[in-house]
Each structure stands twice: as C-alpha cells, then as structure tokens.
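Me: I would like a close look at a single part of this model, followed by an account of how the rest of the chain is arranged around it. Please take the part first and then widen the view step by step.

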Amino acid sequence: MRVLIWMFFAVGLVFGQSTSTDEANWKAFLEWLKAQPPNSKPADLINPYRDKLLREGVPEPEVSRRMEIIWTGCYHRPDGVGLFWSKIFGGDKPIFTEQPNALLISAVQGRKPGRALEFGMGQGRNAVFLAQQGWDVTGFDPAEEAVRIANKNAASLGVKIHAIVARDDQFDFGAAQWDLIVVTYVRDLNAHDAAVFQRALKPGGIVVYENGSSPGNAVLRAFLGFQIVRFEDVETLGDWNREEKQRVQKMIARIP
Ligand SMILES: C[S@@+](CC[C@H](N)C(=O)[O-])C[C@H]1O[C@@H](n2cnc3c(N)ncnc32)[C@H](O)[C@@H]1O
C-alpha cells in the first residue's frame, strides 16, 4: 500500500512539474514575442522562436512539442491572442483582403441599416464598410493594434465606429441589442455562440458568418434554432491566407 501511495505521489510530481514547466515556457515565449517586430505572416512571426530553441540546444522532439503548445496558445489562450494578433496586424504585408467581406455586402444589400456588432473585427474592413452604409457599428477585438488601425481607417474615411479592445468572453453581447452580428475568419462558431447571439439579436436580426473552417456540419447544427437563410461549404479563395484555395463555410442565419 505504501509503495502504491509513493507511486501516485511520484506520477503527480512528474505531471505537475511538466505542466508548470510548460507554463514557464509559455511565459518565456510571450516575453520573446513582445520584443519581436510586427510580421503579417504568422509562420514568419513565430518560427524564429523554434530556431532560437534549437540554437539553445533544446532537443528537436522537445522543440516540436513546445511549438505545438505555443501555436495553440497564440490562437486560443486569453493571454496570447491579443499580443499575437497585434503583431500580425502591425505587419506591412497583409495576408488578407482589405476589402469588406463579399457575403456581408450581399447580406446587407437593401437592408435598412440598424445596430451592427462585429465580433473579432480585426482592422475594421467590415465595420468601416457598414458605417459607410449608415449602420451604427460596434466592433471588438483583443488585438490593440487591430483596434487602433480600425479607428484610424474609420477616421480617414470620415465615419464613426465604436471599437473596443476585448475578447468574446469579456464582451457583453446583451439582449435584443443588435440587428446584425458579423463574424468573419475568427473561429468556428458553436452552440454557445448561437445561444448568445439568439439572445443578443433583435427580432428579425441576422448573423453573417464566414470562416476557413473545419469540415463538417457542426456550425450549421449549432444554428438550427435560427432560420438558415444561406449556407455554403465551398472550396474557394478565402479572405485570409489567399495564396491557395481553402475550404470555406459561409452562413446567413436569421432570428425567426
Ligand atoms: C483572421 S483575423 C480576422 C479579422 C476580421 N474578422 C477579418 O475578417 O478581417 C482573426 C481575428 O480574430 C480576433 N480574435 C482572436 N481571438 C478572439 C476572441 N477570443 N474574441 C474576439 N476576437 C478574437 C483576432 O484578434 C483577429 O483580429
């Protein structure tokens, strides 16, 4: 029995240590990233850290393991997304079209402007377009640099947007607030998002969604409580990472 207790203790110690080491590695990466110049291409921004670890003599399999954690952190960790995307938007060779999203243009054509919310607005290509069409636009994004550029773009075109630095889990979507919610190339939406949007939209309000996404019908399934006005799953040139065609899902969903 005593041996068993010691075994559990030892295993706990090893796993606990590896988790806290991973956390320390992540923090070290963030410090490194803060000091890097902006770069529009995620791989060009992050891969030099891989080279640095190899130069420091970290064995290749361990470097690969750490880089996997780092990539996930850049896209998903609350303390990573803002900094990562600020570095991307600060770069001078955007890997996305700076034109508004085509699905959004078609969705608002002939629609009376009202209150619009953009989730993950980036540098404001959609938000500024909507403001030009007479919409009262609020947009949020965790990347300070993106929000700074969005405000600058709006000002240079003589329109006003309400641009907020926040992640989705920090933003209060409210109830019956919006005639339109736009989410382009942020992430795959899920059932939680659908419930939040259903509450946040006014009657007749719509969601416009597009993403270079994981295959499958998960997004469509999540929005079955809405009237699906349009849904496409196509191989096409997306708005982001335009070097080659990708699988893109597009959806317009309406509160019945
Ligand atoms: C690929 S860019 C798309 C930007 C913009 N929607 C567009 O289509 O040009 C992804 C954006 O999602 C934002 N983002 C990442 N995590 C987020 C979160 N948790 N909440 C809100 N926005 C987020 C990033 O800061 C970045 O601006």
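In which helix is P48 found?

Reply: P48 is found in helix α2, which covers residues 42-55. The model is a predicted one, and the values that follow should be read with that in mind. Is P48 buried, exposed or partly exposed? P48 is partly exposed, because 13 other C-beta atoms lie within 10 Å, where 12 or fewer would count as exposed and 20 or more as buried. Its C-alpha atom is separated by 9.8 Å from that of Q36, a residue 12 positions away along the chain.

To place this helix in the wider chain, the domain assignment is a useful guide: it gives domain 1 as 2-76 and domain 2 as 102-254, and the C-alpha centres of the two domains lie 33 Å apart. The chain holds 9 helices and 7 strands, and its C-alpha trace spans about 70 × 45 × 35 Å along the principal axes. Of the 256 residues in the chain, 34% are buried, and among contacts with a separation of 6 or more, 69% join residues that are 24 or more positions apart.

The largest nonpolar core has 54 residues, of which A150, I181 and V208 touch the most other members. Both domain 1 (2-76) and domain 2 (102-254) give residues to this core, so it lies between them. I181 can be followed further: apart from its neighbours within four places in sequence, it is in contact with L117, F119, F197, A200, L201 and V207. As a general background, nonpolar side chains in soluble globular proteins tend to be buried together.

The loop between β4 (178-184) and α8 (191-200) contains Y185, which has a positive phi of about 60° although it is not a glycine. Most residues other than glycine have a negative phi, which is the reason for pointing such a residue out. Y185 is partly exposed, because 18 other C-beta atoms lie within 10 Å. A second case is N241, with a positive phi of about 55° although it too is not a glycine; its place is in the loop between β6 (227-236) and β7 (246-254). N241 counts as partly exposed, because it has 14 C-beta neighbours inside 10 Å.

The strands on either side of that second loop are paired with each other, since β6 and β7 run antiparallel and are joined by 9 bridges. Within this pairing, F231 has M251 of β7 as its bridge partner, and V234 stands opposite V248 in β7. Strand β5 (residues 201-212) also runs antiparallel to β7, with 7 bridges joining the two, and here Y209 stands opposite M251. M251 is thus a bridge partner of F231 and also stands opposite Y209. As for covering, β6 has little of it, the count of buried residues among its 10 residues being 0.

Finally, there is the surrounding of the ligand, where 19 residues are found and W85, G120, G122, R167 and T184 come nearest. Sorted by class, this shell has 11 nonpolar, 3 polar and 5 charged residues.

Technical notes. Residues are numbered from 1 along each chain as its sequence is written. This is a predicted model: local features need pLDDT of at least 70, side-chain atom pairs count only at pLDDT 80 or more; totals for chains, interfaces and linings use all residues. A nonpolar core is a set of buried Ala, Val, Leu, Ile, Met, Phe, Trp, Tyr and Cys residues joined through C-beta atoms within 7 Å. Domain bounds come from an automatic or database domain assignment. Two residues are in contact if their C-beta atoms, placed from the backbone, lie within 7 Å. Helices (H or I, at least four residues) and strands (E, at least two) are DSSP runs, numbered from the N terminus. Two strands pair if DSSP finds at least two bridges between them. A residue is near a molecule or strand if its C-beta atom, placed from the backbone, lies within 6 Å of it. Ala, Val, Leu, Ile, Met, Phe, Trp, Tyr, Cys and Pro count as nonpolar, Asp, Glu, Lys and Arg as charged, and the others, Gly among them, as polar.
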